[in-house]
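Here are a few exercises to work through with the structure open in your viewer. Try each task before you read its solution.

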Amino acid sequence: MENNTAAASPQGEFRRPSQAKEIWRRFKKSKGALIGLVLLVLYSQATTQDFANMLGTPSSEHFFGCDGFGRDIFARVIYGGRTSISIALIATVTSCLFGSMLGSIAGFFGGKVDTVIMRSLDIFMSVPDILFTMAVVYALGPNFVNLVIALTLAYFTNYVRLVRAQVLTLSEADYVEASRAGGAGSMRIILTHIIPNSVGVIIVNTTLNVAKIILYESTLSYLGLGMPPPAPEWGAMLSEAREFLRNSPHMMIFPAAAIVLTACAINLVGDGLRDALDPQLKS
């Protein structure tokens with residue numbers, strides 16, 4: 001009996017996992033931590049220079065090849081997409097909020113308030129968007145926050161006109177008149193009735209504007225007004241690839257493809273939302 005117990009104990013012995021494995025197991029439970037780890041690895045690959053791989057062509061080790069400094073283009077495209085899309089999303093949201101509020105105020109109050117806002121808007125719109133953003137970034141300096149500010153100021157005008165037109169129609173609706181008769185204040189009517197009933201048009205326009213802002217942000221980066229190096233950006237990668245276009249076209253092909261595919265994908269989503277939210281197309 002003792003021999004059987006002794007023979008069974010080594011097989012049934014509980015082995016405590018090593019501390020490193022336990023830490024890794026708990027670390028994997030956090031999706032945010034894993035995403036951060038992947039981004040750190042990609043950023044390391046995207047900024048590490050290895051002149052032995054300079055202008056390397058696509059291979060199993062470097063899927064998109066390497067640039068003129070030996071940096072992995074695949075890592076730079078992926079990490080650069082994070083930068084470009086983040087700037088575009090934040091600028092879209094801020095321009096939407098700012099423009100929608102101004103448009104609501106102009107359309108709801110009318111009169112002198114509407115005149116002042118719309119004439120001021122004409123001043124903004126008299127300057128081409130790309131020139132305006134270039135001037136703002138050049139004056140403030142190229143960095144993440146200033147790019148968002150410049151793109152917000154360039155694109156909020158679209159929402160002002162769009163929301164103002166919606167408000168002029170909705171302000172005559174019966175439920176708005178009922179709210180006025182019930183003693184509701186102007187800001188309460190705007191926030192609880194006007195903007196929520198304009199949200200369909202705003203969402204569609206917002207989605208389509210993300211693609212436009214990505215193109216604008218890439219243009220600014222191409223002209224040297226984007227994030228300071230060595231931070232990877234699609235537009236900056238295209239600019240760096242110009243002198244190597246004949247011998248290493250892969251340096252330009254992959255960042256350009258990333259811009260085009262991302263813009264097309266966002267536009268398709270915007271078209272789908274427009275069809276889904278259009279009352280005339282609902283069955």
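**Exercise 1.** Leaving aside its neighbours within four places in sequence, which residues is Thr 157 in contact with? Then find the helix that holds Thr 157, and settle whether Thr 157 counts as buried or exposed.

*Solution.* Keep in mind that you're looking at a predicted model.

Step 1: skip the neighbours within four places in sequence, and Thr 157 turns out to touch Leu 121, Phe 124 and Met 125.

Step 2: Thr 157 sits in helix H7.

Step 3: the cut-off for buried is under 20% relative accessible area. Thr 157 counts as buried because its relative accessibility is 5%.

**Exercise 2.** Thr 157 also lines the largest cavity. Describe that cavity: its volume, its lining and the helices that supply it.

*Solution.* Step 1: searching the whole structure turns up two cavities of 30 Å³ or more. The largest cavity holds about 40 Å³ of space.

Step 2: its lining consists of Phe 124, Met 125, Val 127, Asp 129, Phe 132, Leu 153, Ala 154 and Thr 157. Phe 124 and Met 125 are also among the contacts of Thr 157.

Step 3: at least two lining residues each come from H5, helix H6 (129-140) and helix H7 (144-170). H7 has the largest share, with three residues.

Step 4: sort the lining by class and you get six nonpolar residues, one polar and one charged.

**Exercise 3.** What lines the second largest cavity, and how does that lining split by class?

*Solution.* Step 1: the volume of this second largest cavity is about 40 Å³.

Step 2: around it you'll find Asp 67, Ile 73, Arg 76, Met 237, Glu 240, Met 251 and Pro 255.

Step 3: H4, H10 and helix H11 (250-277) are the helices that each put in at least two of the lining residues.

Step 4: by class there are four nonpolar and three charged residues, with no polar ones.

**Exercise 4.** Now for the largest pocket: how much space lies in it, and which residues lie nearest its centre?

*Solution.* Step 1: the largest pocket holds about 190 Å³ of space.

Step 2: 19 residues line it, and those nearest the centre are Met 227, Pro 228, Pro 229, Ala 236 and Glu 240. Glu 240 also appears in the lining of the second largest cavity.

Step 3: helix H9 (186-222) and helix H10 (234-241) each bring at least two residues to the pocket lining. H10 gives the most, three residues.

Step 4: the class count for the pocket lining is 10 nonpolar, five polar and four charged.

**Exercise 5.** Which of the two H4 residues Thr 83 and Ile 85 counts as buried, and which as partly exposed? List what each one touches, again without its neighbours within four places in sequence.

*Solution.* Step 1: Thr 83 has 8% relative accessibility, so it counts as buried. Its contacts are Phe 144, Met 227, Pro 232 and Glu 233. Of these, Met 227 is one of the residues nearest the centre of the largest pocket.

Step 2: Ile 85 comes out at 29% relative accessibility and therefore counts as partly exposed. Ile 85 touches Ile 214, Trp 234 and Thr 262.

Step 3: check a pair far apart in sequence. Ile 85 and Ala 211 are 126 residues apart along the chain, yet 9.0 Å separates their C-alpha atoms.

**Exercise 6.** At what angle do H4 and H5 pack, and which residues meet there?

*Solution.* Step 1: pick the descriptors. Two packed helices are described by the angle between their axes and by the distance between those axes.

Step 2: for helix H4 (residues 73-109) and helix H5 (residues 111-125), the angle is about 140° and the axes are 7 Å apart. Their crossing is left-handed.

Step 3: on the H4 side, Leu 102, Ile 105, Ala 106 and Phe 109 meet Gly 111, Val 113, Asp 114 and Ile 117 of H5. That contact is made of six nonpolar residues, one polar and one charged.

**Exercise 7.** Zoom out: how many helices and strands does the chain have, and what percentage of its residues is buried?

*Solution.* Step 1: count 11 helices and zero strands.

Step 2: of the 283 residues in the chain, 36% are buried.

Step 3: take the contacts between residues at least 6 apart in sequence; 68% of them join residues at least 24 apart.

How values were computed: Residues numbered from 1 in each chain as written. Predicted model: local features only at pLDDT ≥ 70, side-chain atom pairs only at ≥ 80, totals over all residues. Heavy atoms only, no water. Axes fitted to C-alpha atoms, helices over the stretch in contact; angles between N-to-C directions. Helix = DSSP H or I, 4+ residues; strand = E, 2+ residues; numbered from the N terminus. Left-handed = near helix turned anticlockwise from the far one by under 90°. Contact = heavy atoms within 4.5 Å. Nonpolar A, V, L, I, M, F, W, Y, C, P; charged D, E, K, R; others polar. 1 Å grid on protein atoms, 1.4 Å probe; cavity = no way out; pocket = protein on both sides within 12 Å on 5 of 7 lines; lining within 4 Å. Points joined across faces, edges and corners; volume = space filled by probe spheres on them. Buried < 20%, exposed > 50% of the residue type's maximum accessible area, 1.4 Å probe, protein only.
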